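Here's a walk through one protein chain, from its overall build to its hollows and its charged pairs. Keep the 3D view open while you read.

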Amino acid sequence: MPPLTSSSRSRDEGVEMMHEDETRPPMLPALSRRNFLVGVSTTAALLAIGNAGAPPAMATSDGTVLPLVAPLPAGQPVRTQFAPNEQVLAAYLMIVAPLANSVRDVAPNYGWMEDGWQRTPNQPYNSRIMEHVATLSWFYANDRPWNPYYRNPALLARLDAALGYYLSLQHADGSYPEYSPTEHHLSPTGFGTVALAAVLRDLRAAGELYDRRLQIRDAIRNSSAWLVDTSRPHWNRPVQFANQVVAGLSGVVEAAHILGEPAVSASVPNRLQIILKDGQAPAGFFHEPLAPDAGYNFDVMLPDLGALYKRLPDPTIIQLAERFAAWFGYVVVMEPGRNEGFILSGTSARNIVATFVTTPVDDVDRSALARTLLPHVPALGAFFASSEEKTQVRNAWNASTAPVSPRQKQDSSPRLHMHVPQAPLGIPGAQRDAQVAALRYLRESRFTELRKGTLDQQYVFVRRPGYYTAGLYGVRQNSLQRMGTNAFWHPVAGMLALTVNSTGPDDWTTVADTVGTASSRGPVSATHHAGATASGAVISADALTGYRGVFTTRYVTADGAVRTDVTHRPDGIRRVLTTPGASRERIPLIVGTGDQVVFANGTPAPYGQETITVTRGLTLTRGSMRFIIDWGVDREAKYAPMDRSYLGNRTHRILTISFSGTLSVDLRVEPVS
């Protein structure tokens with residue numbers, strides 16, 4: 001990151017020495033040329049913002065009560081005026097006017113940001129909508145050559161109205177609502193404390209709205225006390241929705257820093273110990289609510305740990321991140337020769353995230369602030385774009401002559417512009433590539449790892465010379481988690497089959513049609529046995545980790561209707577299915593545009609075409625390798641395309657094999673002769 005200059009001052013500059021017992025600030029300076037933007041031909045200006053590509057502003061009174069904030073002049077923003085780490089702010093600059101003008105200036109709900117920019121439901125009681133006060137305050141308080149809204153009086157007036165409304169939503173106990181007016185919700189209280197602390201910082205730097213600053217001071221004191229109060233439900237053990245709890249702690253630490261009151265965050269180290277013990281599963285994932293979730297864990301929880309560490313370098317934060325990095329190293333499966341790949345999505349209980357792609361582009365870099373942790377947790381380096389990639393993208397952005405694309409409604413979270421400018425650039429590509437190579441399934445050709453959830457869940461990862469596979473067994477957290485076998489990957493050919501935790505048919509499952517049971521969509525009990533059948537000696541869960549020989553996992557649905565025996569051999573897996581009658585084995589294949597798929601009877605399965613035939617197997621040829629799926633006897637099989645695509649040249653194709661009673665299916669990979 002380049003050194004700060006007079007035109008790119010630190011957003012925290014001057015905060016440490018300012019306190020709210022100071023004398024009232026002086027009056028506003030005389031109207032500047034930039035301030036003259038407001039009030040000049042506002043109707044035409046509001047129409048112009050639509051021409052600039054930003055969504056139109058909803059102005060309740062058309063500026064007759066609170067003056068409207070004019071959109072950017074023609075030709076702005078100018079890319080070359082932005083410091084590299086602040087390029088992310090350009091897309092927000094383009095929506096300052098519509099954001100500000102969405103503040104109601106008539107009753108009822110005077111001050112509500114009513115135009116649907118941030119979060120749903122778009123209702124006056126949802127305080128998360130109001131977090132964009134941090135966006136408005138930043139542009140008001142920060143002098144940049146590209147920022148015409150610096151010291152803009154119309155912007156300040158609308159920010160003041162929004163703050164008044166936002167603060168009125170706070171309950172007496174310090175919490176805020178989200179989904180109903182009477183709700184005391186963790187998420188808006190935690191994220192809101194961060195936003196309001198940022199506003200207080202900006203207003204102090206600008207010397208504005210003294211009385212409102214006193215109200216914000218009291219509000220974040222109260223919300224911080226609520227967030228760390230262990231008698232509140234969000235601290236019940238085990239701690240659930242860890243991303244929201246940690247966001248709250250981040251808000252508390254930020255509030256303490258802005259207020260200059262260390263006592264506000266004095267309990268945070270103890271609360272981090274609670275998260276370590278009761279908010280993170282033994283497996284290493286963070287609770288969402290008690291199961292993993294790749295999206296919340298990586299894109300929300302981890303950057304908030306980074307934000308915490310910037311203010312409070314507590315060793316517990318590093319422990320949390322190290323344990324998570326070890327977990328993530330099993331569930332992020334890179335495609336050969338690429339620093340992107342697939343996520344074992346079936347384990348996730350909330351977000352449907354099937355692929356892992358690093359994000360050098362600032363406008364989508366939600367995990368940016370997690371890079372704060374890289375010097376202390378090197379294993380995390382495998383999951384971030386390199387410093388060279390970040391620099392290259394920023395240089396290309398600076399050189400581009402294309403218009404800047406504005407942020408869009410419901411994709412305008414202020415967290416992005418709050419995090420990216422202060423995030424480290426990252427590590428060099430050579431270091432990143434070394435961390436990718438150190439991922440265990442790439443480093444080793446043979447291991448078994450069983451990791452336990454907080455609930456009675458077993459996450460089993462098996463690497464053998466011919467493949468990497470994983471399975472989830474035990475209770476089911478919620479309707480999105482998918483049980484049983486969920487992936488089959490080869491170190492040269494890449495991913496062949498992958499379960500996605502969507503509501504579609506893209507999960508690896510056995511459906512017993514006579515009773516309506518799907519083996520992936522309910523709890524399953526599992527036992528592990530030495531050898532090629534489930535008649536072998538039982539291997540205890542604790543002894544499975546480190547087991548290097550052939551073993552068979554038997555898992556059974558709660559109603560006993562579907563029994564699956566998965567045998568892990570050196571070159572592939574065998575699934576033996578037992579059901580009460582007519583059934584289907586459904587395998588979600590990952591197929592590339594250049595792959596050749598042919599049934600064992602010679603019938604081709606064209607890429608985008610549904611194909612039904614009676615045969616005993618299927619082959620998929622990818623480069624120098626051939627996947628073989630063999631079920632031994634002729635059965636009706638259907639190969640059906642899906643619309644969903646991944647990584648540019650991969651899509652899901654569903655292979656369904658009809659059978660009755662029992663079926664044995666082998667999966668292996670061999671070189672093309």
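## The chain as a whole

Of the chain's 673 residues, 58% count as buried. Keep in mind that this is a predicted model. The secondary structure adds up to 16 helices and 19 strands. The radius of gyration is 28 Å, close to the 26 Å that the globule rule gives for 673 residues, so the chain is as compact as a globular protein of that length. Lay the C-alpha trace along its principal axes and it spans about 85 × 50 × 50 Å.

How much of the contact count comes from residues 24 or more positions apart? Taking the contacts with a separation of 6 or more, such residues account for 68%.

## The largest pocket

Now to the open space. The largest pocket has a volume of about 740 Å³. Its lining takes in 30 residues, and R119, V300, R366, S413 and R415 are the ones that lie nearest the centre. If you want to find the pocket in the viewer, those five are good ones to click on.

Which helices each supply at least two residues of that lining? They are α6 (186-206), α8 (242-259), α10 (294-311) and α13 (414-419). The largest share comes from α10, with four residues. By class, the lining of this pocket has eight nonpolar, 11 polar and 11 charged residues.

## Two enclosed cavities

Besides the pocket, there are two cavities of 30 Å³ or more. Here they are side by side.

| Cavity | Volume | Largest share of the lining | Lining by class |
|---|---|---|---|
| Largest cavity | about 60 Å³ | α11, four residues | eight nonpolar, three polar, one charged |
| Second largest cavity | about 50 Å³ | β6, four residues | five nonpolar, five polar, no charged |

The largest cavity is lined by P292, D293, A294, N297, F324, W327, F328, V331, I343, L344, T347 and S348. The elements that give two or more residues to this lining are α10 and α11 (315-331). You've met α10 already: it also gives four residues to the lining of the largest pocket.

The second largest cavity takes you to a set of strands. Its lining is made up of V460, V462, T469, A470, G471, Y473, T485, T553, V566 and H568. At least two residues each come from β5 (457-464), β6 (467-474) and β14 (563-568).

## Salt bridges

How many salt bridges does a search of the whole structure find? The count is 45. Three of them are worth a look in turn.

Start with R221 and D218, whose side chains meet in a salt bridge at 3.6 Å, N to O. Both residues lie in helix α7 (residues 210-228), three residues apart, which is about one turn of the helix. Are they buried or exposed, or somewhere in between? R221 has a relative accessible area of 31%, so it is partly exposed. D218 is partly exposed too, with a relative accessible area of 32%.

Next come K390 and D362, with a salt bridge of 2.6 Å, N to O. This pair links distant parts of the chain: K390 sits in helix α12 (residues 387-399), D362 in the loop between β3 (355-357) and α12, and the two are 28 residues apart. K390 counts as buried because its relative accessible area is 1%, under the 20% cut-off. D362 is buried as well, with a relative accessible area of 6%.

The third pair is R432 and D433, whose side chains meet at 2.9 Å, N to O. Buried or partly exposed, which label goes to which partner? R432 counts as buried at 4% relative accessibility, whereas D433 counts as partly exposed at 37%.

Finally, back to K390 and D362. Salt bridges that share partners join D362, D365, R371, K390 and R394 into one network. Display those five side chains together to see how the K390 and D362 pair fits into it.

Notes. Residues are numbered from 1 along each chain as its sequence is written. This is a predicted model: local features need pLDDT of at least 70, side-chain atom pairs count only at pLDDT 80 or more; totals for chains, interfaces and linings use all residues. Side-chain values use heavy atoms; hydrogens and water are left out. On a 1 Å grid over the protein atoms alone, a cavity is a set of points where a 1.4 Å probe fits but cannot get out, and a pocket is an open set with protein on both sides within 12 Å along at least five of seven lines; lining residues have an atom within 4 Å of a point. Grid points are joined across faces, edges and corners, and a volume is the space filled by probe spheres set on the points. Ala, Val, Leu, Ile, Met, Phe, Trp, Tyr, Cys and Pro count as nonpolar, Asp, Glu, Lys and Arg as charged, and the others, Gly among them, as polar. A salt bridge is a side-chain nitrogen of Lys or Arg within 4 Å of a carboxyl oxygen of Asp or Glu. Buried means under 20% relative accessible area, exposed over 50%, partly exposed in between (1.4 Å probe, protein chains only). The radius of gyration is taken over C-alpha atoms; the globule rule is 2.2 Å times the number of residues to the power 0.38. Contact means heavy atoms within 4.5 Å.
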